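Got a minute to walk through a fold with me? Pull up the coordinates and keep the viewer handy.

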Amino acid sequence: MEKEKLEEMGKVLTVSLFGKGDYTDIQSAIDNAGDEGAVIYIKEGVYRQRLLVDKPGIRLVGQGRVIIVYGIGAIHKDFYGRPYGTFRSETVRITGRDFTAENIIFVNDAGPGNFAGQAVAVYISADRTRFYKCRFLANQDTIYTGNPEEAGFLCRGGLEHRQYFEDCYIEGDVDFIFGNGTVVFYRCEIHSLDRHEPEGGNNGYITAASTRPETKYGYVFLECRITGSGQPDTVYLGRPWRDYASVVFADCEMGAHIKAEGWHNWGNPEREITSRYSEWGSSGAGGNRAGRVPWQKEMPEKERSNYTPEAILRGEDQWKFEFADSCLQEVGA
């Protein structure tokens with residue numbers, strides 16, 4: 001729902017740590033937003049809390065430097081002595097459709113995987129989510145893009161869990177973008193942290209897709225910068241979490257940390273046949289395709305023109321979304 005309509009309904013809320021808003025914590029604002037959607041402006045500050053966004057149409061807009069942070073790892077134990085596991089470790093869980101975040105920093109600071117296990121910053125289990133100028137900081141399993149069966153709706157024309165990231169920064173080390181869904185990363189920076197592996201070693205994997213076989217697109221990285229702080233030739237573009245993993249890198253600039261072979265089969269040669277990995281227009285020290293694995297798919301030239309954010313995410317409902325230059329944060333509050 002557009003900002004003007006929400007303002008007419010009185011569904012514009014403000015959060016401030018210092019009592020200069022409607023609420024002092026973000027979860028309270030979400031809980032009191034109603035079921036018609038709301039714009040929630042968040043004043044600058046560090047909000048150490050876990051969030052559940054279970055209502056449709058919630059739009060979080062950061063004003064200044066806004067950090068939402070928590071620190072649970074998969075091996076940590078809950079009140080009953082049970083390990084949290086990957087899928088209870090998140091800082092923010094999104095289950096309400098049509099969620100938007102702008103200018104927010106999402107963090108799981110539990111630490112590296114060998115210390116805390118998987119530690120999710122954002123867990124997405126909803127359709128039509130959008131992130132603009134956001135940052136996602138963690139180590140292993142930073143962003144989970146979900147599983148449509150968890151959200152309680154059926155696959156529509158091969159599209160489910162549609163997500164759009166624009167001008168965002170995402171960092172991690174192992175499988176730090178993982179899960180199912182149709183997801184576009186447009187002009188984002190994807191940064192691999194250093195696990196102190198020597199040149200030619202294994203410093204991690206960017207993606208671990210579990211794309212359903214009927215999903216056409218999977219993960220698509222368009223005009224992104226693929227950076228890293230580790231040694232050259234140490235990071236894989238991805239490995240297939242499930243048989244039909246689908247990942248495309250199109251017109252991306254890749255650093256020297258990207259391994260020459262590009263992809264890993266996760267110890268399962270059969271997935272070399274079923275996985276759908278493709279790449280074109282790569283540049284930079286890690287963008288030389290000459291050494292890529294032979295099972296990387298070659299996308300026909302005539303199909304590449306279909307790889308635009310609008311075409312990938314449109315769906316049967318003709319979803320229309322804004323690009324970053326028309327976001328609320330440009331308007332202010």
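What follows goes from the sheet to the cores, then to the rings and the charged pairs.

One thing to keep in mind from the start: this is a predicted model.

Let's begin with the sheet. Seven strands make an open sheet in the order 3-5-8-11-14-17-20, and the pairing is parallel. At the edges sit strand 3 (51-53) and strand 20 (235-238), each of which pairs on one side only. Now zoom in on strand 14 (residues 174-179). Six of its six residues are buried, so strand 14 is largely enclosed by the rest of the structure. Strand 11 (residues 143-144) pairs with strand 14 in the parallel sense, over two bridges, and Tyr-144 faces Phe-178 of strand 14 there. Strand 14 also pairs in parallel with strand 17 (residues 204-209), this time over four bridges. Phe-178 turns up again here, standing opposite Ala-208 in strand 17. Carry on along the sheet and you find strand 17 pairing with strand 20, parallel once more, over three bridges; Gly-204 stands opposite Val-235 of strand 20.

Before moving on, have a look at strand 2 (residues 38-48), where Tyr-41 is found. With a relative accessibility of 3%, Tyr-41 counts as buried. Its C-alpha atom is 6.8 Å from that of Gln-63, although the two residues are 22 apart along the chain.

On to the packing. The largest nonpolar core has 58 residues, and those with the most contacts inside it are Ile-40, Phe-106, Phe-131, Phe-136, Phe-165, Phe-185 and Phe-221. Another core lies apart from it, with 17 residues that include Tyr-307, Leu-313, Trp-319 and Phe-321. Back to Phe-131: leaving out residues up to four places away in sequence, Phe-131 touches Phe-99, Phe-106, Phe-136, Tyr-164 and Phe-165, among others.

That list has plenty of rings in it, which brings us to the aromatic pairs. A pair of aromatic rings is described by the distance of the centres and the angle of the planes. Searching the whole structure turns up 29 such pairs. One of them is Phe-106 with Phe-131, edge-to-face, at 6.1 Å centre to centre and 85° between the planes. This pair links distant parts of the chain, with Phe-106 in strand 7 (residues 105-108) and Phe-131 in strand 9 (residues 129-132), 25 residues apart. How accessible are the two partners? Phe-106 is buried, with a relative accessible area of 0%, and Phe-131 is buried too, also at 0%.

Now try Tyr-164 and Phe-323. Their ring centres are 6.1 Å apart and their planes meet at 85°, so this pair is edge-to-face. Tyr-164 belongs to strand 12 (residues 162-166), while Phe-323 is in the loop between helix 7 (309-313) and helix 8 (328-331), so the pair ties together parts that are 159 residues apart in sequence. Tyr-164 counts as buried at 0% relative accessibility, but Phe-323, at 25%, counts as partly exposed.

Ring pairs also build up a cluster, whose members include Phe-99, Phe-136, Phe-249, Trp-263 and Trp-295. Rings have charged company as well: the charged end of Arg-93 sits over the ring of Tyr-123, 3.8 Å from its centre, and Arg-135 lies over the face of Tyr-169, 4.1 Å from the ring centre.

Last stop, the charges. Side chains of opposite charge can pair when their charged atoms come close. The structure holds 23 salt bridges. Arg-50 and Glu-90 form one of them, with their closest N and O atoms 3.4 Å apart. Arg-50 is in the loop between strand 2 and strand 3, and Glu-90 in the loop between strand 4 (58-70) and strand 5 (92-94), so the pair ties together parts that are 40 residues apart in sequence. Arg-50 is partly exposed at 29%, whereas Glu-90 counts as buried at 8%.

Glu-322 reaches across a longer stretch of sequence to form a salt bridge with Arg-59, the closest N and O atoms being 3.0 Å apart. Glu-322 sits in the loop between helix 7 and helix 8 and Arg-59 in strand 4, so parts 263 residues apart in sequence are tied together. Both partners are buried: Glu-322 at 16% and Arg-59 at 5%.

Methods
Residues are numbered from 1 along each chain as its sequence is written. This is a predicted model: local features need pLDDT of at least 70, side-chain atom pairs count only at pLDDT 80 or more; totals for chains, interfaces and linings use all residues. Side-chain values use heavy atoms; hydrogens and water are left out. Rings of Phe, Tyr and Trp (its six-membered ring) pair if their centres lie within 6.5 Å; planes under 30 degrees apart count as stacked, over 60 as edge-to-face and the rest as tilted. Buried means under 20% relative accessible area, exposed over 50%, partly exposed in between (1.4 Å probe, protein chains only). A charge sits over a ring if NZ of Lys or CZ of Arg is within 6 Å of the ring centre and within 35 degrees of the ring normal. Two strands pair if DSSP finds at least two bridges between them. A nonpolar core is a set of buried Ala, Val, Leu, Ile, Met, Phe, Trp, Tyr and Cys residues joined through side-chain atoms within 4.5 Å. Contact means heavy atoms within 4.5 Å. A salt bridge is a side-chain nitrogen of Lys or Arg within 4 Å of a carboxyl oxygen of Asp or Glu.
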